[in-house]
Amino acid sequence: MIKCRVEMWGLPREVSGLPEVEVKLENGASLRDVIAALKRQVPALEGSVICQGENRLEDTCVFNIDGQFLLEDEKLRLKDGDCLRLLTLATGG
């Protein structure tokens with residue numbers, strides 16, 4: 001069992017009302033596992049941040065880990081103590 005911290009920025013923070021959430025995951029967990037845990041712990045995220053009925057983020061949101069933006073990385077395996085940032089992608093014109 002591992003624990004990861006998910007910091008909420010932008011829309012995820014606005015929707016959840018939380019600055020961060022700690023999720024408990026099985027060893028070898030992926031980003032989809034984090035999303036499933038977030039859906040259970042913060043149901044308000046589903047529909048605006050997390051796709052309704054799926055374990056994937058809406059196109060407007062992304063995880064940032066160590067300065068890298070990650071949408072879906074099946075090869076990534078999280079480690080105990082990892083910190084992820086869940087944020088809204090900036091749009092510009």
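Q: In this predicted model, what share of the contacts with a separation of 6 or more comes from residues 24 or more positions apart?
A: The model is predicted, not experimental. Contacts in the chain with a separation of 6 or more are the base of the count. Residues 24 or more positions apart account for this share of them: 50%.

Q: What pattern does the chain follow when read along the sequence?
A: The secondary structure comes to two helices and five strands. Read along the sequence, their order is β-α-β-α-β-β-β.

Q: Which element gives the most to the largest nonpolar core?
A: The largest nonpolar core has 24 residues, and L25, L38, F63 and L86 have the most contacts inside it. At least two residues each come from β1 (2-8), β2 (20-25), α2 (31-41), β3 (61-65) and β5 (83-88). With five residues, the element that gives the most is α2.

Q: Which residues does L86 contact, leaving aside neighbours within four places in sequence?
A: L86 is among the core residues with the most contacts inside the core. Its contacts include L38 and F63, and both of these are also in that group. The full set is V6, E7, M8, W9, P12, L38, V49, L57, C61, V62 and F63.

Q: Which side chains of β2 point to the buried face?
A: Side chains alternate along β2. E20, E22 and K24 point to one face and are not buried. The other face holds the buried side chains: V21, V23 and L25.

Q: Which residue of β2 is the bridge partner of V6?
A: β1 and β2 pair in the antiparallel sense. The pairing runs over six bridges. In β2, the partner of V6 is V21.

Q: Is R13 buried, partly exposed or exposed?
A: R13 sits in helix α1 (residues 11-16). Its relative accessible area is 36%. Buried would need under 20% and exposed over 50%. The value falls in between, so R13 is partly exposed.

Q: Which backbone oxygen does the side chain of R13 reach?
A: Not counting residues up to four places away in sequence, R13 touches M8, L18 and P19. One of these also supplies the backbone oxygen, at 3.2 Å from the R13 side chain. That residue is M8.

Q: How many Å apart in space are R13 and L87, C-alpha to C-alpha?
A: In sequence, R13 and L87 are 74 residues apart. In space, C-alpha to C-alpha, the distance is 8.2 Å.

Q: Which backbone nitrogen does the side chain of D82 reach?
A: D82 lies in the loop between β4 (68-70) and β5. D82 is buried because its relative accessible area is 15%, below the 20% cut-off. Not counting residues up to four places away in sequence, D82 touches K3, C4 and R5. Its side chain also reaches, at 2.8 Å, the backbone nitrogen of K79.

Q: Why is the sulfur of C51 not bonded to that of C61?
A: C51 counts as buried, at 7% relative accessibility. A disulfide needs cysteine sulfur atoms within 2.5 Å. The closest cysteine sulfur to that of C51 is in C61, and it is too far for a bond because the distance is 9.2 Å.

Q: How many disulfides does the structure hold?
A: C83 is in no disulfide, as its nearest cysteine sulfur, that of C4, is 9.0 Å away. C83 counts as buried, at 17% relative accessibility. For the structure, the number of disulfides is zero.

Q: What share of the residues in the chain is buried?
A: The chain has 93 residues. It exposes about 5,400 Å², with carbon and sulfur atoms supplying 48% of that area. Buried residues make up 40%.

Terms used
Residues numbered from 1 in each chain as written. Predicted model: local features only at pLDDT ≥ 70, side-chain atom pairs only at ≥ 80, totals over all residues. Heavy atoms only, no water. Helix = DSSP H or I, 4+ residues; strand = E, 2+ residues; numbered from the N terminus. Buried < 20%, exposed > 50% of the residue type's maximum accessible area, 1.4 Å probe, protein only. Contact = heavy atoms within 4.5 Å. Polar contact = N/O pair within 3.5 Å; in protein donor to acceptor, adjacent residues only side chain to side chain. Core = buried A, V, L, I, M, F, W, Y, C linked by side-chain atoms within 4.5 Å. Pairing = 2+ DSSP bridges. Areas by Shrake-Rupley, 256 points an atom, 1.4 Å probe, with all protein chains shown as cover.
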